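Trainee: I've got a new structure open and don't know where to start. Can you walk me through it?
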Amino acid sequence: AYAKDLSLNLSSLANETVLSDSQKWGSFVASAYAVGHPEVVKAINAAAAAAGFTEEAATAAKAAAAIMGMNNVYYRA
């Protein structure tokens, strides 16, 4: 229940028709890293790789997650 909004947003992302599959997987991977739960990260990375998400794109998604984390924590202080 505490992550209902997150679940709804990810469901909406999955059904998005404007973004490419690579953009969607980038969002999923970045979100998984932002959540920080090892099993979620592992499962999303495996699904993304199976869908053809490149290692270069995965690195960019991880960088996006790091920047999001910095924006959410550091800049508030």
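**The largest pocket and helix 2**

Mentor: Sure, and keep in mind that this is a predicted model. Let's begin with the largest pocket: its lining splits into nine nonpolar residues, one polar and no charged.

Trainee: OK, which residues line the largest pocket?

Mentor: The lining consists of Tyr2, Ala3, Leu6, Leu10, Phe28, Ser31, Ala32, Val35, Val40 and Ile44.

Trainee: And how much space lies in that pocket?

Mentor: About 180 Å³.

Trainee: Which helix gives the most to the lining?

Mentor: Helix 2 does, with four residues. Helix 1, helix 2 and helix 3 each put in at least two.

Trainee: Let's look at helix 2 then. How many residues does it have?

Mentor: Helix 2 has 15, running over residues 21-35. From first C-alpha to last it reaches 21 Å, close to the 21 Å expected at 1.5 Å a residue.

Trainee: What follows helix 2?

Mentor: Gly36 does, and its phi is positive, near 80°.

Trainee: Which residues of helix 2 are buried?

Mentor: Lys24, Trp25, Gly26, Phe28, Val29, Ala30 and Ala32.

Trainee: And what covers them?

Mentor: The cover includes helix 1 (4-14), helix 3 (38-50) and helix 4 (55-73).

Trainee: Switching topic: what makes up the largest nonpolar core?

Mentor: That core has 11 residues in all: Leu13, Trp25, Phe28, Val29, Ala30, Ala48, Phe53, Ala57, Ala58, Ala61 and Ala65. Helix 2 and helix 4 each supply at least two of them. Phe28 is worth a second look, as it belongs to this core and also lines the largest pocket.

Trainee: What does Val29 touch?

Mentor: Leaving out residues up to four places away in sequence, Val29 touches Ile44, Asn45, Ala48, Phe53, Ala58 and Ala61. Ile44 is also part of the pocket lining.

Trainee: Back to Gly26 for a second. Why does it count as buried?

Mentor: Gly26 counts as buried because its relative accessible area is 15%, and the cut-off for buried is under 20%.

Trainee: Which residues does Gly26 touch?

Mentor: Phe53 and Ala61, again not counting residues up to four places away in sequence. Val29 touches Phe53 and Ala61 too.

Trainee: How far apart are Gly26 and Thr54?

Mentor: In sequence they're 28 residues apart, and in space they're 9.8 Å apart, C-alpha to C-alpha.

Key
Residues numbered from 1 in each chain as written. Predicted model: local features only at pLDDT ≥ 70, side-chain atom pairs only at ≥ 80, totals over all residues. Heavy atoms only, no water. Expected span 1.5 Å × (residues − 1). Buried < 20%, exposed > 50% of the residue type's maximum accessible area, 1.4 Å probe, protein only. Contact = heavy atoms within 4.5 Å. Core = buried A, V, L, I, M, F, W, Y, C linked by side-chain atoms within 4.5 Å. 1 Å grid on protein atoms, 1.4 Å probe; cavity = no way out; pocket = protein on both sides within 12 Å on 5 of 7 lines; lining within 4 Å. Points joined across faces, edges and corners; volume = space filled by probe spheres on them. Nonpolar A, V, L, I, M, F, W, Y, C, P; charged D, E, K, R; others polar.
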